[in-house]
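Please look through the sequence and the model together before reading on, and keep both in view while following the report.

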Amino acid sequence: MASTIFIPLTVGGGINTVEDFDRVLKCGADKVSVNSGAIRNPDLVREAARLYGDQCVVLSADVKRVDGVFRVFAKGGRENTGMEAIEWIRRCVGNGAGEVVVNSIDTDGVKGGFDLELLERVCEAVTVPVIASGGAGRIEDFIALFQKLPKVDAGLAASIFHFGEVQIPDLKRLLRENDISVRL
């Protein structure tokens, strides 16, 4: 893929060691996203950041409310680690994660909007770029995200684009019309 398209690539999934970082970087990835691997080995973020730089290490955090507390989940959101999410994210950023993708399990797939409460808490806790994931169902969800939380750097969505529910040029145009910075 890296030889075919010319956009920055972040690769994740099955990243458990610095050797995994090395492998995907040598294949053309610009950044490497880690979730369960960092949970199993909390030093992985620090080791990877030391070897490849903070800008290369992306913490992916699957988060769900459990009894009113944001908790970190592993294994694609199937396993509750019991760890409090905001502190976990803060710790990983302190260890060298240069970016955070926050996936709200509560809103993922629901298409009712991004989890603004969770994202606001993360933005207050860290100074690195934060990418919102989980919940986008329509263009207005992106507009609300960036107007209410200008510290969020990007909004991630998949199914609404895959199934043609939202056209990317339409999204970009409406973001621009709402004074939200976007490359056309």
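This report follows two helices, the nonpolar core, and a few single residues of a model that is predicted.

**Helix 1**

Helix 1 spans residues 18–26, and within this helix V18, D20, F21 and V24 are buried. The four buried residues cover an arc of only 155° around the axis, which puts them on the same side of helix 1. An α-helix has 3.6 residues a turn, so residues three or four places apart point the same way. On the other side of helix 1, E19 and K26 are exposed, so this helix can be read as having a buried side and a side with exposed residues. The cover over the buried residues of helix 1 includes strand 1 (10–12) and strand 2 (31–34), together with helix 3 (44–52) and strand 3 (57–66). After helix 1 comes G28, a residue with a positive phi near 115°.

**The core and helix 5**

Which residues touch the most other members of the largest nonpolar core? In this core, which holds 54 residues, they are I89 and L119. Helix 4 (residues 85–94) gives the core its largest share, namely 6 residues. When residues up to four places away in sequence are left out, I89 touches L59, A61, V100, V122 and V126.

One of the residues touched by I89, V122, is also among the buried residues of helix 5, which are L118, L119, V122, C123 and A125. These buried residues of helix 5 cover an arc of only 165° around the axis, and that puts them on the same side of the helix. Among the elements that cover them are strand 3, strand 4 (69–74), helix 4, strand 6, strand 7 (130–133) and helix 6 (139–148).

**Strand 6 and the loop after it**

S104 lies in strand 6, which runs over residues 99–104, whereas T107 is found in the loop between strand 6 and helix 5 (116–125). Are these two residues buried or exposed? S104 has a relative accessible area of 1% and T107 has one of 16%; buried means under 20%, so both residues count as buried. Leaving out residues up to four places away in sequence, S104 touches V63, D115, L118, S133 and G134, while T107, counted in this way, touches G113, D115, G134 and G135. D115 and G134 therefore appear in the contacts of S104 and of T107.

K111 is placed in the loop between strand 6 and helix 5 as well, and K111 has a positive phi of about 60° although this residue is not a glycine. A positive phi of about 60° is also found at D179, again a residue that is not a glycine, and D179 belongs to the segment after helix 8 (168–177).

**Surface residues**

M1, I5 and I7 form a nonpolar patch on the surface, and together these three residues have about 320 Å² of accessible area. I7 is found in the segment before strand 1. The table sets out the relative accessibility of I7 beside the values for K111 and D179.

| Residue | Relative accessibility | Class |
|---|---|---|
| I7 | 54% | exposed |
| K111 | 30% | partly exposed |
| D179 | 73% | exposed |

Exposed means over 50%, so I7 at 54% counts as exposed, and K111 at 30% counts as partly exposed.

Key. Residues numbered from 1 in each chain as written. Predicted model: local features only at pLDDT ≥ 70, side-chain atom pairs only at ≥ 80, totals over all residues. Heavy atoms only, no water. Buried < 20%, exposed > 50% of the residue type's maximum accessible area, 1.4 Å probe, protein only. Helix = DSSP H or I, 4+ residues; strand = E, 2+ residues; numbered from the N terminus. Arc of directions from axis to C-beta. Contact = heavy atoms within 4.5 Å. Core = buried A, V, L, I, M, F, W, Y, C linked by side-chain atoms within 4.5 Å. Patch = residues over 30% accessible without salt bridge, like charges linked within 9 Å, V, L, I, M, F, W, Y side chains within 5 Å. Areas by Shrake-Rupley, 256 points an atom, 1.4 Å probe, with all protein chains shown as cover. Salt bridge = Lys/Arg side-chain N within 4 Å of Asp/Glu carboxyl O.
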